[in-house]
Each structure stands twice: as C-alpha cells, then as structure tokens.
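Trainee: I would like a close look at a single part of this model, please. Take it slowly, and explain each term when it comes up.

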Amino acid sequence: MPLDPFADIARRAWIDCPECAHMSGCATCSQQRTCTEHWQYLLSNRGTVVNLQCPTCTHLWSYDTRSMN
C-alpha cells in the first residue's frame, strides 16, 4: 500500500520505523525530542495501539505504546 500523499501531516508520531530506522543517528531523536525531520504518519489508533506509516520507506505497521519506556 503506497503512502497517501494527501494524508494529514499534522497527525505525527515519533516512533522509529522497524524497516528503515530513519531516526537512527539523529541527535534530536536520540534525546527523545520532537524532530521536524524524522516522524511517522499516525494513521489511526485504538487504545494503546497506533497504526503508522513511514514517509521514508512507506512501511506500514502497528505499535503498542505500552511497550515504550
């Protein structure tokens, strides 16, 4: 499924993509600060589970935020 070019970019999440890990090596991301360059599309959420799409590699995945530190 390709990235929706009309997706609302205001819906963002800062969780690293498991496919391309585009946040790796970024000083801002490693400090868990909001980075303007490295983020994911937040497509939807249900409870603690968020559905995301990476704007870099278009990978789709779900992530349970309860596992975040």
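Mentor: What follows is a walk through the sheet and its surroundings.

This is a predicted model, in which local features need pLDDT of at least 70, side-chain atom pairs count only at pLDDT 80 or more, and totals for chains, interfaces and linings use all residues. Residues are numbered from 1 along each chain as its sequence is written, and side-chain values use heavy atoms, with hydrogens and water left out.

Let's begin with the overall layout. The sheet is open and has four strands in the order 1-2-3-4, with antiparallel pairing. Strand 1 (12–13) and strand 4 are at the edges with a single partner strand each, so one side of each has no neighbour in the sheet. A strand here is a DSSP run of E with at least two residues, a helix is a run of H or I with at least four, and both are numbered from the N terminus. Two strands count as paired if DSSP finds at least two bridges between them. In general, the strands of a sheet pair through backbone hydrogen bonds, either parallel or antiparallel.

Now follow the pairs. Strand 2 (residues 40–46) joins strand 3 in the antiparallel sense over five bridges. Leucine 42 has leucine 52 as its bridge partner, and arginine 46 is partnered by valine 49. The hairpin of these two strands has two residues between the strands, and glycine 47 takes a positive phi near 65 degrees there.

Strand 3 (residues 49–53) also pairs with strand 4 (residues 60–64), again antiparallel and over five bridges. Asparagine 51 has serine 62 as its partner, while leucine 52 stands opposite tryptophan 61. This hairpin has six residues between the strands, and here threonine 58 is the one with a positive phi near 65 degrees.

Some of these residues return in the largest nonpolar core. It has eight residues: Ala13, Ile15, Cys17, Leu42, Val50, Leu52, Cys54 and Trp61. A nonpolar core means a set of buried Ala, Val, Leu, Ile, Met, Phe, Trp, Tyr and Cys residues joined through side-chain atoms within 4.5 Å. Buried means under 20% relative accessible area, exposed means over 50%, and partly exposed is in between (1.4 Å probe, protein chains only). Valine 50 is a good residue to click on: setting aside neighbours within four places in sequence, its contacts are Ile15, Leu42, Ser44, Asn45, Trp61, Ser62, Tyr63 and Thr65. Contact means heavy atoms within 4.5 Å.

At the end of strand 4, look for charge. A search of the whole structure finds one salt bridge, meaning a side-chain nitrogen of Lys or Arg within 4 Å of a carboxyl oxygen of Asp or Glu. The side chains of aspartate 64 and arginine 66 form it, at 2.6 Å from N to O. Aspartate 64 is partly exposed, with a relative accessible area of 24%, whereas arginine 66 is exposed at 63%.

Finally, visit the loops beside the sheet. Histidine 22 lies in the loop between strand 1 and helix 1, and at 14% relative accessibility it counts as buried. Its side chain makes polar contacts with two other side chains, those of glutamine 40 at 3.0 Å and threonine 56 at 2.6 Å. A polar contact is a pair of N or O atoms within 3.5 Å; within protein, one must be able to donate a hydrogen and the other to accept it, and residues adjacent in sequence count only if both atoms are side-chain atoms. Not counting residues up to four places away in sequence, histidine 22 touches residues including Asp16, Trp39, Cys54 and Pro55.

Histidine 38 sits in the loop between helix 1 (27–30) and strand 2, and it too is buried, at 12%. A polar atom of the histidine 38 side chain lies 3.4 Å from the backbone oxygen of histidine 22. With the same sequence neighbours left out, histidine 38 touches Trp14, His22, Met23, Cys26 and Cys29.
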